[in-house]
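Got the viewer open and a selection box ready? Let's walk through this one stop by stop, picking residues as we go.

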Amino acid sequence: LQNDSVVAGGGAIEMELSKYLRDYSRTIPGKQQLLIGAYAKALEIIPRQLCDNAGFDATNILNKLRAKHAQVGAAGEN
């Protein structure tokens, strides 16, 4: 990739939804917390598969993507 700052359809939506659902699941007691957490984890399969298909190290890329989403969320921007 020549410019990795913007990749349309690169799994960013799924990662943002996953982050939101993980944060939300921490506020819910009981089995619903596990269900929402599992759904959040399942959403991360899409960007992982995109990384694998492109020949990238999926773990490294997903960690960078999580970090970017955490930065944006902490700054109050979405």
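Start by selecting S25, which sits in helix α1. One thing to keep in mind while you click around: this is a predicted model. Is S25 buried or exposed? With a relative accessible area of 6%, S25 is buried, since anything under 20% counts that way. Show its side chain and look for the backbone oxygen of R22: the S25 side chain reaches that oxygen at 2.8 Å. Now expand the selection to what S25 touches. Setting aside neighbours within four places in sequence, S25 is in contact with Q33, I36 and G37. For a distance label, try the C-alpha atoms of S25 and A40: they are 15 residues apart along the chain and separated by 9.0 Å.

Stay on A40 for the next stop. What does A40 touch, not counting residues up to four places away in sequence? The answer is S18, L21 and R22. A40 also belongs to a bigger group, so to speak: select L21, I28, I36, A40 and L43 together, and you have the largest nonpolar core, 5 residues in all. Which helix gives this core its largest share? That would be helix α2 (residues 31-43), with 3 residues.

While α2 is highlighted, pick A42, which has its place in that helix. A42 is partly exposed, at a relative accessible area of 39%. Draw a line from its C-alpha atom to that of S18 and you should read 8.3 Å, for two residues 24 apart along the chain.

Next, step just past α2 to E44, in the loop between α2 and α3 (45-54). Is E44 buried or exposed? Its relative accessible area is 8%, so E44 is buried. Put its side chain in sticks along with that of S18: a polar contact of 2.9 Å joins the two. To see the rest of the surroundings, add M15, S18, R22, L62 and R66, which E44 touches when residues up to four places away in sequence are left out.

Now zoom out a little and colour α2 and α3. Two packed helices are described by the angle between their axes and the distance between the axes. Here the axes of α2 and α3 come within 4 Å and cross at roughly 20°. That makes α2 roughly parallel to α3, because angles under 35 degrees count as such. Which residues make the contact? Select K41, A42 and L43 on the α2 side, and I45, I46 and P47 on the α3 side.

Keep P47 selected and add L65, which is found in helix α4 (residues 58-75). P47 and L65 are 18 residues apart in sequence and 9.4 Å apart in space, C-alpha to C-alpha. Then hide P47 and look at what L65 touches: leaving aside its neighbours within four places in sequence, L65 is in contact with G10, G11 and M15. M15 may look familiar, as E44 touches it too.

Back to α1 for some rings. How many aromatic pairs does the structure hold? There is 1. Select Y20 and Y24: their ring centres are 6.4 Å apart and their planes lie at 0°, so the pair is stacked. The 6.4 Å falls inside the 6.5 Å cut-off for pairing. Both tyrosines lie in helix α1 (residues 12-25), 4 residues apart, about one turn of the helix. Turn on a surface to compare them: Y20 counts as exposed at 53% relative accessibility, whereas Y24 counts as partly exposed at 38%. The lines between these classes are drawn at 20% and 50%.

Finish with the whole chain in cartoon. What is the secondary structure made of? It comes to 4 helices and 0 strands, and reading along the sequence gives the pattern α-α-α-α. Colour by burial, and 22% of the 78 residues count as buried; S25 and E44 from the earlier stops are among the buried residues. If you have a contact map handy, look at pairs at least 6 apart in sequence: 50% of those contacts join residues at least 24 apart.

Conventions:
Residues are numbered from 1 along each chain as its sequence is written. This is a predicted model: local features need pLDDT of at least 70, side-chain atom pairs count only at pLDDT 80 or more; totals for chains, interfaces and linings use all residues. Side-chain values use heavy atoms; hydrogens and water are left out. Rings of Phe, Tyr and Trp (its six-membered ring) pair if their centres lie within 6.5 Å; planes under 30 degrees apart count as stacked, over 60 as edge-to-face and the rest as tilted. Helices (H or I, at least four residues) and strands (E, at least two) are DSSP runs, numbered from the N terminus. Buried means under 20% relative accessible area, exposed over 50%, partly exposed in between (1.4 Å probe, protein chains only). A nonpolar core is a set of buried Ala, Val, Leu, Ile, Met, Phe, Trp, Tyr and Cys residues joined through side-chain atoms within 4.5 Å. Contact means heavy atoms within 4.5 Å. A polar contact is a pair of N or O atoms within 3.5 Å; within protein, one must be able to donate a hydrogen and the other to accept it, and residues adjacent in sequence count only if both atoms are side-chain atoms. Axes are lines fitted to C-alpha atoms, for helices over the stretch in contact, and angles run from 0 to 180 degrees between N-to-C directions. Angles under 35 degrees count as roughly parallel, over 145 as roughly antiparallel, 65 to 115 as roughly perpendicular and the rest as oblique.
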